[in-house]
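Please open the model in your viewer, set it to a cartoon view, and keep the selection box at hand. At each stop of this tour you will select something and then read what is there.

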Amino acid sequence: MAVTGRPTLRDLFDESPTPHIAHPPRTHQRHFYVATDGSYRPNGGGLGAVIETRDGERVARIALPDVPPDNNVSEYRALHLGLDVLANRAPPGARVGVLVDHDDLAANVNNAVLAGDHPDWKSPKRIVVPAGSEHHWRGIQARIAGFEELRAARIDSRENPAHPLANAPGEYEHVNRRPDRCVLPDPPEFEADSGTDVSYLPPSRFEGRASD
């Protein structure tokens, strides 16, 4: 059941920019959404992730303490964590919307998606990741390749539901003890109705499957 009193991840995603990728109507037919955030402090930081289905039902919340070298690396670690958890709970063929509050990370994710559509696996723009995050970036790329479709939206940190989890992992430690859930979203309207003509959906060369 969706939590009342706050926007769903789908709502946040649909209202946010997706760097380097336009927002065709098919964008609104993600199966799962994952919001992640990482925090850095000299005495330690944290990683946070929230996963929901397209109808707003919560799949998981994660809040873990971490000791990253800086905030940039913490953001990559958090997304790697969130995609790992989602990959273990989502069925094959899942379409995923990613929400992060880090401009370069969102751009890199979408560039990696576009590279998967290029015949020579070239991204439109050069991808540069922070030093110390190379391992996590390779993990992120592998997860991108494992989903049917994926794109990232850049949201404001004040709207990111993973932000408090990353900044106060000790206070939210209880969310990690909740039983694992594998929640299947309601099928999108054009999938539920086999007689629906989907030809009106504008074709997008960005909707192909990504590869690492």
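Begin by selecting N43, which is exposed because its relative accessible area is 71%, where exposed means over 50% relative accessible area, buried means under 20%, and partly exposed lies in between, using a 1.4 Å probe and protein chains only. N43 sits in the loop between β1 (32-39) and β2 (45-53), and its C-alpha is 9.8 Å from that of D66, although the two are 23 residues apart in sequence. The model is predicted, so local features need pLDDT of at least 70 and side-chain atom pairs count only at pLDDT 80 or more, while totals for chains, interfaces and linings use all residues. Residues are numbered from 1 along each chain as its sequence is written, and side-chain values use heavy atoms, with hydrogens and water left out.

**The whole chain**

Now colour the protein by secondary structure, and look for six helices and five strands, which are DSSP runs numbered from the N terminus (H or I with at least four residues for helices, E with at least two for strands). Followed from the N terminus on, the elements run α-β-β-β-α-β-α-α-β-α-α. Of the 212 residues in the protein, 50% are buried. Among contacts with a separation of 6 or more, 77% are between residues 24 or more positions apart, where contact means heavy atoms within 4.5 Å.

**The loop before β1**

Select H20 next, in the loop between α1 (9-14) and β1. The phi angle of H20 is near 75°, a positive value in a residue other than glycine, and H20 counts as partly exposed because its relative accessibility is 34%.

R30 belongs to the loop between α1 and β1 as well; is R30 buried or exposed? At 0% relative accessibility, R30 counts as buried. Show side chains here, and you will find a polar contact of 3.1 Å between the side chains of R30 and E149. A polar contact is a pair of N or O atoms within 3.5 Å; within protein, one must be able to donate a hydrogen and the other to accept it, and residues adjacent in sequence count only if both atoms are side-chain atoms. The C-alpha atoms of R30 and G97 are separated by 6.1 Å, although the two residues are 67 residues apart along the chain.

**From β1 to helix α2**

Move on to G38 in strand β1, which counts as buried at 5% relative accessibility. Leaving aside neighbours within four places in sequence, the contacts of G38 are G46, L47, N71, S74, E75, A78 and A166. The C-alpha atoms of G38 and Y76 are 7.7 Å apart, with their positions 38 residues apart in sequence.

Y76 lies in helix α2, so select residues 71-89 to see this helix, whose 19 residues reach 28 Å from first C-alpha to last, close to the 27 Å expected at 1.5 Å a residue; the expected span is 1.5 Å times one less than the number of residues. At the N-terminal end of α2, D70 acts as a cap, with a side-chain oxygen 3.1 Å from the backbone nitrogen of N72. Helix α2 is mostly covered, with 14 of its 19 residues buried.

**Where α2 meets α4**

Add helix α4 (residues 134-146) to the selection. Its 13 residues should span 18 Å at 1.5 Å a residue, and the end C-alpha atoms of α4 are 19 Å apart, which agrees. The buried residues of α4 are H136, W137, G139, I140, I144 and A145.

How do two packed helices get described? By the angle between their axes and the distance between the axes. For α2 and α4 the angle is about 35° and the axes are 9 Å apart, where axes are lines fitted to C-alpha atoms, for helices over the stretch in contact, and angles run from 0 to 180 degrees between N-to-C directions. Among the residues that meet here are Y76, H80 and L83 in α2 and W137, I140 and R143 in α4.

Finally, display the rings: the structure holds two aromatic pairs. The rings of Y76 and W137 have centres 6.1 Å apart and planes at 70°, so this pair is edge-to-face. Rings of Phe, Tyr and Trp (its six-membered ring) pair if their centres lie within 6.5 Å, with planes under 30 degrees apart counted as stacked, over 60 as edge-to-face and the rest as tilted. Both Y76 and W137 are buried.
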